[in-house]
Amino acid sequence: MKKFLFPLLAIVLALGLALPTAMPVSAATWYVSPPGSIQAAVNGASWGDTIILDGTFLNYATVTVGTSGITIKSATPGSGVLDGGDGPAFRLADGVSDVTF
């Protein structure tokens with residue numbers, strides 16, 4: 001009986017450690033409207049999150065996206081306007097990919 005208990009215990013322990021990491025994490029949705037900070041929403045976002053812009057943002061500093069796998073979009077077509085002045089509105093940090101605008 002003892003020689004079967006140890007392998008069974010090892011399997012149960014291995015499954016117990018693997019299952020929590022295999023469960024999906026739900027993505028968050030961030031809503032930003034003026035005078036809210038797009039940069040703060042981007043900084044707080046995680047992979048799979050969506051940032052929804054609603055309004056006109058006069059943002060003369062470039063928003064740096066440092067997280068891969070996020071989506072940045074307007075609440076409705078034409079409702080999210082970002083005026084970046086003379087420079088780019090967004091910049092992807094080194095190594096960042098899979099960002100959807």
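Thr 67 sits in the loop that runs between strand 4 (63-65) and strand 5. This is a predicted model, and in it the side chain of Thr 67 comes to 3.5 Å from the backbone oxygen of Ala 45. Leaving aside residues up to four places away in sequence, Thr 67 touches Val 42, Ala 45, Ser 46, Trp 47, Val 96 and Val 99. Ala 45 therefore appears twice in this picture, as a contact of Thr 67 and as the owner of the backbone oxygen that the threonine side chain reaches.

Now to the sheet. Three strands form an open sheet in the order 1-2-5, and their pairing is parallel. Which strands stand at the edges? They are strand 1 (29-32) and strand 5 (71-74); each has a single partner strand, so one side of each is left without a neighbour in the sheet. From one strand to the next, the twist averages 20 degrees. Strands of a sheet pair through backbone hydrogen bonds, either parallel or antiparallel. Here, strand 1 and strand 2 (residues 50-53) pair in the parallel sense over four bridges. Along this pairing, Tyr 31 stands opposite Ile 52 in strand 2.

Two backbone details deserve a look. The peptide bond from Pro 34 to Pro 35 is cis, with omega near 5 degrees, and Pro 35 belongs to the loop between strand 1 and helix 2 (38-44). The other detail is Asp 98, which has a positive phi of about 60 degrees although it is not a glycine. Asp 98 lies in the segment after strand 7 (90-92).

Next come the aromatic rings. How many aromatic pairs does the count give? The count comes to one. The partners are Phe 90 and Phe 101, with ring centres 5.0 Å apart and planes at 50 degrees; the pair is tilted because that angle falls between the limits of 30 degrees for stacked and 60 for edge-to-face. The pair links distant parts of the chain, since Phe 90 is in strand 7 and Phe 101 is in the segment after strand 7, eleven residues apart.

The table sets out how accessible three of the residues above are.

| Residue | Relative accessibility | Class |
|---|---|---|
| Phe 90 | 22% | partly exposed |
| Phe 101 | 55% | exposed |
| Asp 98 | 58% | exposed |

Phe 90 is partly exposed because its 22% lies between the 20% limit for buried and the 50% limit for exposed. Its ring partner, Phe 101, is exposed because 55% is over 50%. Asp 98, the residue with the positive phi, also counts as exposed, at 58%.

Technical notes. Residues numbered from 1 in each chain as written. Predicted model: local features only at pLDDT ≥ 70, side-chain atom pairs only at ≥ 80, totals over all residues. Heavy atoms only, no water. Pairing = 2+ DSSP bridges. Helix = DSSP H or I, 4+ residues; strand = E, 2+ residues; numbered from the N terminus. Axes fitted to C-alpha atoms, helices over the stretch in contact; angles between N-to-C directions. Polar contact = N/O pair within 3.5 Å; in protein donor to acceptor, adjacent residues only side chain to side chain. Contact = heavy atoms within 4.5 Å. Buried < 20%, exposed > 50% of the residue type's maximum accessible area, 1.4 Å probe, protein only. Phe/Tyr/Trp six-rings, centres within 6.5 Å; stacked < 30°, edge-to-face > 60°.
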